[in-house]
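Hi,

Here is the structure I promised to pass on. Please have a look at it first, and then read on for what turned up.

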Amino acid sequence: MNLPSRVTLVDVGPRDGLQNEKQPVATEHKAQLVAMLQAAGLREIEVTSFVSPKWVPQMADNEAVMAAIARQPGVRYSVLTPNMKGLEAALPTKPDEIVVFAAASEAFSQKNINCSIAESIERFAPVVEAAHAAGLKVRGALSCAVGCPYEGDISADQVERVVLLMKGIGVDHLGVADTIGVGTPRKIQAAMERALKHYPLVEVSGHFHDTYGQALSNIYACLELGVHNFDASVAGLGGCPYAKGATGNVATEDVVFMLNGLGLETGIDIDKLVDAGAYISNVLGRPPVSRVGRALLAKRAG
Ligand code: HMG
Ligand code: MG
């Protein structure tokens, strides 16, 4: 089996991880988390989102967080922008990349961004155009790519339909997201293959929540297809406020441990990554969800 020799991880912990936290997390802690992630070797970090503060209060300090991060050359900082209002607020904060987010399921689209899939694409079109005009890359997240908390199973045909819509408006990169973590390897491969029909390998990524503990297997299944870009969340933080019961993304520590074992290069120092996970978990007052994080911390303590 020929797996890719190098894998790029985007740490989405500061955004996807923290957006779901009920307790306010101070801006300085968010900035410190970003600092520790880049110190650990992460070269892509999803920092915050420019969404309605009424919908997601935890991300209300988006401008302050972008101002507080100590940018390091070679690191790309991305933010979520669901509409022109979000993009207009984001641009002065100088992200390197923006993320628009659609869903393969109508019901999830309504719950998450208050519009149909078709309306979301209409909203994103000028956002993509303006982002490109500003020289920014646009990633597209495609939620509920195998299952929806409201509609149940989602077919690969439903996925491909939205992949094509995203491509039609010029989205540069397609992230296949298992929002509620119900995917298993063959189902994930089937969804991925539809993205790969329309996007080059280098512009497709996996974003797997680990609710059912399947995310590492799903990443391995994607490596088998040659996919080598994945989102992950330090300490396994997070979830989506509009996908009740869904837990965090696969923990970055767990992914790096698996990739190290496979001999695949990530450029990430796992000890420093564990430090970042321990730091934010301490801020939140609970142990890291990451199994690898907990194991390595226990080993250090012992
Ligand atoms: P809406 O209510 O339909 O929007 O929300 P609207 O245009 O009718 O505006 C209503 C109010 O929101 C107005 O304010 C606007 O100014 C304001 P008011 O006049 O009532 O005071 N508003 C905004 N404020 C700040 N920033 C903005 C913005 N837009 C409008 N950009 C909207 C539509 C998309 C804004 C709303 O539904 C929203 O913010 N949703 C949040 C969705 C979200 O953040 N979800 C979590 C992230 S996605 C995710 O986690 C999935 C992912 O990880 C992949 C996966 O796992 O599946 C990416
Ligand atoms: Mg997510």
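The charged end of Arg71 sits over the ring of Tyr77, 5.6 Å from the ring centre; for this, NZ of Lys or CZ of Arg must be within 6 Å of the centre and within 35 degrees of the ring normal. The whole structure also yields 1 aromatic pair, meaning Phe, Tyr or Trp rings (the six-membered one for Trp) with centres within 6.5 Å, called stacked if the planes are under 30 degrees apart, edge-to-face if over 60 and tilted otherwise.

A word on conventions: this is a predicted model, with local features needing pLDDT of at least 70 and side-chain atom pairs pLDDT 80 or more, while totals for chains, interfaces and linings use all residues. Residues are numbered from 1 along each chain as its sequence is written, chains are lettered from A and ligands numbered from 1 in the order written, and side-chain values use heavy atoms, without hydrogens or water.

Now the metal. Asp16 (OD), His207 (NE2) and His209 (NE2) are the protein donors of the magnesium ion (ligand 2), at 2.1 to 2.3 Å. Donors are N, O and S atoms within 2.8 Å of the metal (3.2 Å for Na, K and Ca), and with water not among the atoms, sites may look incomplete. The spacing of the donor residues in sequence is D-x190-H-x1-H. His207 and His209 are both buried, that is, under 20% relative accessible area, where exposed is over 50% and partly exposed lies in between (1.4 Å probe, protein chains only).

What about the cysteines? There are 0 disulfides in the whole structure, a disulfide being two cysteine sulfurs within 2.5 Å. Cys115 is in none, and its nearest cysteine sulfur, in Cys144, is 14 Å away. For Cys222, the closest cysteine sulfur is again in Cys144, and 17 Å is too far for a bond. Cys222 is buried at 0% relative accessibility, and Cys115 is buried at 1%. Cys144, with 0%, has a positive phi near 55 degrees although not a glycine.

Finally, the largest nonpolar core has 93 residues, with Leu9, Ile98 and Phe230 making the most contacts inside it. Such a core joins buried Ala, Val, Leu, Ile, Met, Phe, Trp, Tyr and Cys through side-chain atoms within 4.5 Å. Beyond four places in sequence, Phe230 touches (heavy atoms within 4.5 Å) ten-odd neighbours worth browsing, including Leu9, Phe208 and Cys222.

Best wishes
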